[in-house]
Amino acid sequence: MLHLTLRQLEIFCAVAQAGSTVAAADAVALSQSATSAALQQLEQAMGAQLFERVGRGLQLNAAGERVTGYFRHLRGGMEALNRELQELREGSAGRLAVGSIMAASPGRLTQALLALKRQWPLLSIEVAVDTSDRLLAQLQDGVLEVVVGRPAGPSDADHRFCSLDDEALSIIAGCSHPLARARSVGFAQLQAYGWVLQPPGSPMRALIDQEFQAHGLPLPRGLIETGSILTTMNLVRNSDLIAVIPQAVARDSAAHGMVRILPYRMRRNLQSYGSLVRRDRPLSQAAASFLALLHGQEPPPASAP
């Protein structure tokens, strides 16, 4: 049976990230010699060498790559637990960190958060809005407890996924854009304008790339890439740029006269989004209540802190 300490776990992750014991020493507040010694003790305990020396640095080998996945999960869980215990010690009602993609924000997410706030008036809530891939990384590290987004793939065994809704996409422009009042728009007409797109790696960006490929066209030059819906909206409203955003967000913004939805239909929709939580971590009571409200269920009663 392995006997490992949380300090060893922290040191291993620091060396894996920094690529050397010298750089990792600052991160873990140890001397370089103490960091190297702790790493050697860990490798002895594991019964395997975890790094290969490359020049003056260290690089994870095959065994180290396997170990780092398990260790990051453990570290994320411990960080989440430490935060919860600190909240209890301070006598607060707790804290909930939620991540969400843009599509859920106007409707489901807002309604669930407001209902949760009525049930837990003193609960501190942090909401991060980003792409699914970035939110899942924060879920892995224990920064977020719940994500409203898409799983990494059909074989994503780390997360429990519960579907909420499909997501269609819309192409938007400013209200004074030359195409704003067109009755129909062809894809070729869109090429005359600059584009604001999500960064590569997100499901939405992958779908947009496929749309260009289907028309036999390369991506436009001079793209502006951002995961921020606020930045996207401001750019589009104050220029002739066009952007692709979730249909639910586009309709809400168009209803308030902020943008126009161009009459072009994307060939494909994104896969369903839903709630994602880690399978290997227990949910806080606040997170369980939020999930119930998000999915239109009766939440469990809130207990006193």
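With the whole protein selected, the exposed surface is about 16000 Å², of which carbon and sulfur atoms supply 51% (accessible areas from the Shrake-Rupley method with a 1.4 Å probe; for residues, only the protein chains shown count as cover). This is a predicted model, in which local features need pLDDT of at least 70 and side-chain atom pairs count only at pLDDT 80 or more, while totals for chains, interfaces and linings use all residues. Residues are numbered from 1 along each chain as its sequence is written, and side-chain values use heavy atoms, with hydrogens and water left out.

Colour next by secondary structure: the protein has 11 helices and 12 strands (DSSP runs numbered from the N terminus; helices are H or I of at least four residues, strands E of at least two).

Now select Ile171, Ile172, Leu190 and Trp195. These residues have the most contacts inside the largest nonpolar core, which has 31 residues (buried Ala, Val, Leu, Ile, Met, Phe, Trp, Tyr and Cys joined through side-chain atoms within 4.5 Å). Among the elements that each supply at least two residues of this core are strand 7 (169–173), helix 8 (203–214) and strand 10 (242–246). Apart from this core lies another, of 29 residues, including Leu116 and Leu276.

Centre on Ile172, in strand 7. Ile172 counts as buried because its relative accessibility is 0% (buried means under 20% relative accessible area, exposed over 50%, partly exposed in between; 1.4 Å probe, protein chains only). Val236 is 64 residues from Ile172 in sequence, yet their C-alpha atoms are 7.7 Å apart.

Finish at Trp195: leaving aside neighbours within four places in sequence, its contacts (heavy atoms within 4.5 Å) include Ile171, Phe212 and Val244.
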